[in-house]
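This report looks at how the chains of the model meet, and then turns to a metal site and to the cysteines. The sequence and structure are shown first.

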Amino acid sequence: MLLDVKNLNTYYGDSHVLQDMSLTIAEGEIVALLGRNGMGKTTTMKSIIGLVKPKSGRVIYQGKDFTGREPYQVAKAGIGYVPEERRIFPNLSVLDNLKMGIKAGRAGKVQSKNRWDLDRIYEHFPVLKERSAQKGGTLSGGEQQMLAICRTLMGNPELLLVDEPTEGLSPILVKEVRDMLDDINKAGVPILLVEHNLKVAMSLASRVYLMGKAHLGFSGTVEELDANPEIRAKYLEV
Amino acid sequence: MMNKTTKWILWSVLLVFLIIYPLVFGIYYTNVFVTFAIAALYAVAIQMLLGFTGFLSFGHAMYFGVGAYGTAIALVHIKGLPLIVSVLFGFASALLLALVMAPLVVRLSVTAFAMIHMAFGMLAYTLALKLRNITGGEDGIGAFPIPPLRIPGVFSIDMTDPTNFYYFAMVILGVSIWILWFVTKTPFGCLMVGIRDNANRIDYLGFKLPQTKAVLYLLVGGFAGIAGSIFALFQNLISAMELYIMHSFIQIMQIMVGGIGSFFGPILGAGVFAVLEELTSRYTQRVELVIGLILILVIMYFPTGLIGMYHHFKTRFFTRQAD
Amino acid sequence: MDATTAMYVAQGLHGLAYGMILFLVASGLTLIFGMMGILTLAHAAFFMLSAYFSYQVMQMTQNFWLALLIAPVVAGIVGVLCERFLIRRVHVMGHIGELILTVGISLVILDAVKAIWSTDSLYVDIPECLQGLVSIVGMEYPIYRLFIIGLALLVLIFMALILYKTRLGMIVRAAVSDADMVNALGINVPLVFMLVFGVGTWMAGVAGVAIAPILTVFPGLADQMGMDAYIIVVVGGFGSLSGAFLVSIIFGLLSSYGVQFVSQLAPILMFIFMAIVLVIKPVGIFGERE
Ligand SMILES: Nc1ncnc2c1ncn2[C@@H]1O[C@H](COP(=O)(O)OP(=O)(O)O)[C@@H](O)[C@H]1O
Ligand SMILES: [Mg+2]
């Protein structure tokens, strides 16, 4: 197993927002983590990357225990995180934003045909090249999302955590981002995807986890979810 | 929880202790105790602001100072001013200042609030230094008449006598602390805790947030002024030094050492500081070193202060019993 | 040039020199407090400590340049140690924890200084090549003050280069807006904070060495300067170097012209300026956030 998350319990002050949350990700797959707002999807991701510290449970990545480590240690080990709200550095140029993603020593660990660098990113996403001198804060929502993903790609992750990448984007841009994630995955990077757009999630993922309030509600393949309207009604429909 | 009887017994013991204290410990320690009690009221007032609303003020020495100057200046200029009225002068001056400041500060964020108070605090200090003909500058105002406490034809008590002054100060300071404590138990007190825990929700319930803060702000400024007023009477001297920024920090430290967020923590903290100053100045030249080290140790290892420490050990004690 | 104009120019230069020293202290504080959000009240103590170090180096080597090189670095190292082993651990408690801790550190430094060097004023000589006066547009002006202006400009340029031309600077600018995100991108943010704390302290240290020959070295050296620097950071706007620079110069000029025209009220001018700015714009002149 590439990533093995076992029985995480995470608190914000007194409120227990993750209760025995577990999930796994294997090489090459896209796994969707779905659920209504406020269920704890973002918190699950933050607990993995180390932005919040779980009280108990384990985060095992490539066989090593990363529970409670600093985010930069987890990131250096190869996990890339694309946060909700994008979190572009608004005062830095697009180019500098991309450079912020570079992780020293990681590029060598990736096969050269899969290696991400500035040239390859500019080639794939020419709009970023056009805007490279512009401040990150001046980009449109779609461009910012692209930049956020590319910034993380610059670190050549071996696993991507992507939180709501299509949030607030127009249908054309949604498709663009979807295809982008598909491409990245085809190039060999497994993805844990939190996504509100069910169609996008189902078209990308092979397996899904559904969250109820603070806990895991369902896990299975996309086909199983597809065949199970009660489960969908219980965990997804508003 | 303690039952009613134990509570009454404890309060009576405290009262008896306060009454016989000067008789047992003599003049020197009586004066040390008055200093402590003044610091206690001052710290409790600041704690109302800090602990119950999260507002950190780096400049409240100006309220203490204005209270002190208010009393001193009134006594210098008004012949035959009764004692109580002179204290009211101090209270009113501080309240007036708070009234002017409140509209400016109640809408600020926590950081801006702290900074602006530091700025105005320094302004007050500089003014006290420079406006020599009013404040006496560095020398301050001293040797002003201390009127006796009297009801004409009934009694007249000489307040230059340390023991008499002790009883007078205890009553004023004690009643002030009690009033502040009482306020925390009223719906207004609950509202303050609400402001701290969830600013938006209180506003949502229909309470006007800035106005609520303003009322609290006035209260805190006024009582800091009373502490200053008693200080001026006690020392028979008030100088610009009392407005120095360090005097705003010391209260925050006392609160921290005692335990943030608890009403009685600051009193404990003021007590610890009084004892510390007494001990260090007696046994070592290195007062700053000792206080500095204690601050570092407290914040590193007991950030919840003495009250937090007490709860910590109490829980441990009880869990061990349960085994 | 007539005498009055000459006087204006001389006062202006004096104000500029004082403003530059203020800026050295304040810009270090801008880095630490304004950008990294670490509320330190020990900054002035490091400034003073560096002045004492420079006195010590001068005692041992009689070489001002060596003192200028060594003292700020040693002060910076002390700062880094404080950050690494003390300040970092209370950062999660927010500003009040940092306030108490750094006041504690200041008190310990103050007392250590008194114990080692006594409370007397210690004299540090201006190096020979910087002694004397120089004639500018027909008036005599102390070389050393010009040197201070130059030194501060040099440090300013050095800092601007680091901030805008190096990866470290880029990381710092990114961390100002979102330190967690920087951390999640694989950058050792705690280490960066430590370095920045060191650089900021070093800058205060440079100011300490520069001021030592003018004011002499004594325990209260930092009182006024520290307060002013703090106010400058707030009035200029948290994290804004240009704000700190502008306000430093304004304060320097206010104090020198103030002494000239309204000597009684000179120190109050700064506070009036500050009060006006903060009441109109609580985030400071160039401030965007609180
Ligand atoms: N910083 C925070 N402090 C306190 N509570 C939070 C914080 N962030 C999220 N929460 C709460 O934790 C729960 C889970 O939030 P989140 O993980 O963001 O949910 P999701 O991503 O599934 O929408 C929610 O109830 C939310 O209100
Ligand atoms: Mg979310």
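## Polar contacts and salt bridges between chains A and C

Across the interface of chain A and chain C, six residue pairs are in polar contact, both residues of each pair being at pLDDT 80 or more, a condition that applies here because the model is a predicted one. On the side of chain A that touches chain C, the elements that give two or more residues are α2 (71-76), α3 and α6 (141-153) of chain A. The largest share of that side comes from α2(A), which supplies four residues.

Two salt bridges are also found across the interface of chain A and chain C. R87(A) forms a salt bridge with D178(C), and the closest N and O atoms of this pair are 2.8 Å apart.

## Extent of the A–C interface

The contact between these chains takes 21 residues from chain A and 18 residues from chain C. The area buried between chain A and chain C is about 1,700 Å², and carbon and sulfur atoms give 63% of it. In chain A, the residues that lose the most area to chain C are Y72(A), F89(A) and M100(A), which together account for 34% of what that side buries.

## The other chain pairs

Two pairs of chains touch, and of these the pair formed by chains B and C has the most contacts. Chain A and chain B, by contrast, are joined by no contact, and their closest C-alpha atoms lie 12 Å apart.

## The magnesium site in chain A

The magnesium ion (ligand 2) has as its protein donors T42(A), through OG1, and E84(A), through OE, which lie 2.0 to 2.5 Å from the ion. Because T42(A) lies in helix α1 (residues 41-49) of chain A, whereas E84(A) lies in the loop between β6 (79-82) and α3 (94-100) of chain A, the pair ties together parts that are 42 residues apart in sequence.

The two donors fall into separate accessibility classes: T42(A) is buried, with a relative accessible area of 17%, while E84(A), at 26% relative accessibility, counts as partly exposed.

## Cysteines

A disulfide is a covalent bond between the sulfur atoms of two cysteines. In this model the count of disulfides over all chains comes to zero. Among the cysteines of chain C, C82(C) counts as buried at 12% relative accessibility, whereas C129(C) is exposed, with a relative accessible area of 54%.

Notes:
Residues numbered from 1 in each chain as written. Chains lettered and ligands numbered in written order. Predicted model: local features only at pLDDT ≥ 70, side-chain atom pairs only at ≥ 80, totals over all residues. Heavy atoms only, no water. Donors = N, O, S within 2.8 Å, 3.2 Å for Na, K, Ca; no water. Buried < 20%, exposed > 50% of the residue type's maximum accessible area, 1.4 Å probe, protein only. Contact = heavy atoms within 4.5 Å. Disulfide = S-S within 2.5 Å. Buried area = accessible area lost by both parts, 1.4 Å probe. Salt bridge = Lys/Arg side-chain N within 4 Å of Asp/Glu carboxyl O. Polar contact = N/O pair within 3.5 Å; in protein donor to acceptor, adjacent residues only side chain to side chain.
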